[in-house]
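Reader: I'd like to learn how to read a protein model feature by feature. Could you walk me through one?

Author: Gladly; let's put it in front of us and begin with the sheet.

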Amino acid sequence: MENILRDLYQQKVNDPNTLAIMSIEKWDDNSALADNLDLTLLVIVKSAEAPIFIKHYEMDSKRAALTIVTKDTIEGWIEEGNSEGLMNLLLNGKVLFERKEYITSIANTLDICLFSERKLKISIEYGKLLRKHSEGKNFFEANQLHDAYNHIVHALQHLARLEVIDRGLYPETTVWNQVKRIDPQIYKLYTELIDSDESLTKRLELLLLASDFLIHSKAKLGAGHLLSVMLEKENWLYTDLVNHPEVKLYALDLSILLDLLIEKEFVQVRKVETKDKEMYYHSYFLNKKC
């Protein structure tokens, strides 16, 4: 494998078109991009005939990939928030070569993007978490245990991703490896659900109780983006909230988010009379005491 690395590296390092070279190996802790390859070598160039070029190699039963990506492509992915594997490589891969601190500047840009989008990404995950947890609870109460199990597993996935994003990290494909390191409590919930010797009914019962507590304790964090949007004006109709340019990204889960915020008294509801004296519409506003 060292021969593969050295040969591929030497071909590119002296080329003035090369801006940076990075590597990730499947035995690294941060190996989400490696897939079934032993080594992935990323070369970022100023320009190329194709925006992405990928070539696979094999030597001594070891497999490697050379991925050449243009500067414009990389920066487009960062701006659009695409390609989680790439983001993890840029943040966690080994820098073998960089011209004029190119990777350093990219990492700084990523940090800024992650910080500015963190609240939004957390609210997206939190809304999905609430939805899956609620549906899982409904299936459990209806004694549809396998459907309940499936939804609770998905709920825990969203909880794990939320926790990773809150730490300023980018969720990897192998998100549970990250959570095992940064939040053993959530990782324990996951392992108790999938590995415990308890009956499925007992596992789900315990998990629903524990996750319900965690979900409510993270309400202000999880709905932080929505709360910040609601600071823009004093009163909101539901239609105004759901059509807000940023709230649109979690519009399908807005109702369940809003219900929780009302339950936690972060948001209050005002009844407004209509022309029909017996009918009211709801206006939502922040509870300034919270």
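Reader: Which residue in strand 5 is the bridge partner of S23?

Author: It is K94. Keep in mind as we go that this is a predicted model. As a general idea, strands of a sheet pair through backbone hydrogen bonds, either parallel or antiparallel. Here, strand 1 (residues 18-25) and strand 5 (residues 94-98) run antiparallel and are joined by 4 bridges.

Reader: And how many bridges join strand 1 to strand 2?

Author: There are 7, and strand 2 (residues 39-45) also runs antiparallel to strand 1. For one pair to look at, take I21, whose bridge partner in strand 2 is V43. Strand 2 then pairs with strand 4 (residues 62-70) in the parallel sense, over 7 bridges. In that pairing, L42 has T67 as its bridge partner.

Reader: In what order do the 5 strands of the sheet come?

Author: The order is 3-4-2-1-5, in an open sheet with mixed pairing. Strand 3 (52-59) and strand 5 each have a single partner strand, so one side of each has no neighbour in the sheet. On average, neighbouring strands are turned by 15 degrees against each other, ignoring direction.

Reader: How many residues of strand 1 are buried?

Author: The count is 8 of 8, so to speak a mostly covered strand.

Reader: Let's turn to helices. What describes two packed helices?

Author: The angle between their axes and the distance between the axes. Try helix 5 (residues 145-166) and helix 8 (residues 200-217): their axes come within 11 Å and cross at roughly 35 degrees. The crossing is left-handed.

Reader: Which residues of helix 5 and helix 8 meet?

Author: From helix 5 you will find L145, H146, A148, Y149, I152, L156 and L159. Facing them in helix 8 are L200, T201, R203, L204, L207, L208 and L214. By type, the residues of this contact divide into 11 nonpolar, 2 polar and 1 charged.

Reader: What do nonpolar side chains tend to do in soluble globular proteins?

Author: They tend to be buried together. In this model the largest nonpolar core has 52 residues, and Y126, L156, W176, L204, L226, M230 and L241 touch the most other members. Several helices each supply at least two residues of this core, including helix 4 (102-141), helix 7 (184-195) and helix 12 (254-263). The largest share, 11 residues, comes from helix 5.

Reader: Which residues is L226 in contact with, leaving aside its neighbours within four places in sequence?

Author: The contacts of L226 are S123, L241, V247, Y250, L254, L257, L258 and L261. Apart from the 52-residue core lies another core, of 11 residues, among them L19, I78, I103 and I106.

Reader: Which residues in helix 12 are buried?

Author: L254, I256, L257, L258, L260 and L261 are buried there. Just after helix 12 comes E265, with a positive phi near 70 degrees.

Reader: One last residue: is D253 buried or exposed?

Author: D253 counts as buried, because its relative accessibility is 10% and the cut-off for buried is under 20%. You can find D253 in the loop between helix 11 and helix 12. Not counting residues up to four places away in sequence, D253 touches G127, K128 and R131.

Definitions and conventions:
Residues numbered from 1 in each chain as written. Predicted model: local features only at pLDDT ≥ 70, side-chain atom pairs only at ≥ 80, totals over all residues. Heavy atoms only, no water. Axes fitted to C-alpha atoms, helices over the stretch in contact; angles between N-to-C directions. Left-handed = near helix turned anticlockwise from the far one by under 90°. Contact = heavy atoms within 4.5 Å. Nonpolar A, V, L, I, M, F, W, Y, C, P; charged D, E, K, R; others polar. Core = buried A, V, L, I, M, F, W, Y, C linked by side-chain atoms within 4.5 Å. Buried < 20%, exposed > 50% of the residue type's maximum accessible area, 1.4 Å probe, protein only. Pairing = 2+ DSSP bridges.
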